[in-house]
Amino acid sequence: MAGHSQFKNIMHRKGRQDKMKSKLFGKLAREITVSAKLGLPDPAMNPRLRAAMLAARAENMPKDNIDRAIKKAVGGDAETYDEIRYEGYGPGGVAVVVEVLTDNRNRTAGEVRAAFTKSGGNLAETGAVSFMFDHVGVVEFDAKVASDDAMLEAAVDAGADDVVAGENGHEIYTAQDALRDVAKALEAKFGEPRKAALVWKPQNTIAVNDEQGEKLFKLIETLNEHDDVQNVYANFEVSDALMAKLGA
């Protein structure tokens, strides 16, 4: 299991998501506003906005908050955010990709760099590690919506490239330009997915020892707690023992 998926599982087990709810809602609202501002404010005509709204609903963000974020973009009073991707190496030489939306490039760059340095890693040039990932679409469903076989069959029929199923649900991977069509086909069969978005999927993962793993989780947690950071991806895996320890 890739590092960022393991991190999500640990955060879920520890109940940390509740404490981060208001911060998370702020990030989700920012993505909704930016998506609506860059395209049409209609999710049916704007795939990125639809993905942002799906993510918000998956976190039980109130409908009023979602509507307010869209209106902010339509009203023209929304802040201007730059989309930036930072890349670097964490402990153990693990590749890390960080996506941000910021209204102050210099501040964010300095703080992201500091997070890497403090963890024993280092920030690198754009393109330094992203070639180790595939930028693809993913559609996610809860495990209960279909059996593994039924989901695989439907995903293949819809034109997906790969399906990863487990106790945490089904992840259907697609080419970037096929995401919208695949998501629509699967939604017609299984209902609204919990996620449909573009992600950085590691081509391979690096096994790290427990000491490095703890430092990596701390780095990812620090990055995720930053207001400007939208997503963090890493290509590592850790032992079940460390998962159990951190999830306790």
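This is a short selection-by-selection tour of a predicted model.

**Whole chain**

Start with everything displayed. The chain holds ten helices and ten strands. Of its 248 residues, 45% are buried. An accessible surface of about 12600 Å² is exposed by the chain, and 49% of that comes from carbon and sulfur atoms. If you draw contacts between residues at least 6 apart in sequence, 73% of them join residues at least 24 apart.

**Strand 4 and its partners**

Select residues 133–141, which form strand 4. Seven of the nine residues in this strand are buried, and the strand is mostly covered.

Next add residues 195–202, strand 7. Strands 4 and 7 run antiparallel and are joined by eight bridges. To place the register, pick His135 in strand 4 and look for Trp200, its bridge partner in strand 7.

Then add residues 169–174, strand 6. Strand 6 is also antiparallel to strand 4, with five bridges joining the two. Here the pair to pick is Gly137 and Thr174, the latter standing opposite in strand 6.

**Helix 7**

Keep the strands on screen and select residues 148–158, helix 7. Which of its residues are buried? Met151, Ala154 and Ala155 are. Viewed down the axis of helix 7, the buried residues fall within an arc of 100°, so they line one face of the helix. An α-helix has 3.6 residues a turn, so residues three or four places apart point the same way.

Turn to the face directed away from the buried side: Asp149, Glu153, Val156 and Asp157 are exposed there.

What do the buried residues of helix 7 pack against? Show strand 4, strand 6, strand 5 (162–166) and helix 8 (179–190); the buried residues pack against these four elements. Before leaving, step to Gly159, just after helix 7, where phi is positive at about 100°.

**Ser119**

Finally, centre on Ser119. This residue sits in the loop between helix 6 (105–118) and strand 3 (122–124). Is Ser119 buried or exposed? Its relative accessibility is 12%, and because the cut-off for buried is under 20%, Ser119 counts as buried.

Display the side chain of Ser119 together with the backbone of Phe116: a polar atom of that side chain lies 2.8 Å from the backbone oxygen of Phe116. For contacts beyond neighbours within four places in sequence, select Pro91, Lys215 and Leu219, with which Ser119 is in contact.

Notes. Residues are numbered from 1 along each chain as its sequence is written. This is a predicted model: local features need pLDDT of at least 70, side-chain atom pairs count only at pLDDT 80 or more; totals for chains, interfaces and linings use all residues. Side-chain values use heavy atoms; hydrogens and water are left out. Buried means under 20% relative accessible area, exposed over 50%, partly exposed in between (1.4 Å probe, protein chains only). Contact means heavy atoms within 4.5 Å. Accessible areas come from the Shrake-Rupley method with a 1.4 Å probe; for residues, only the protein chains shown count as cover. A polar contact is a pair of N or O atoms within 3.5 Å; within protein, one must be able to donate a hydrogen and the other to accept it, and residues adjacent in sequence count only if both atoms are side-chain atoms. Two strands pair if DSSP finds at least two bridges between them. The arc is that of the directions from the helix axis to the C-beta atoms.
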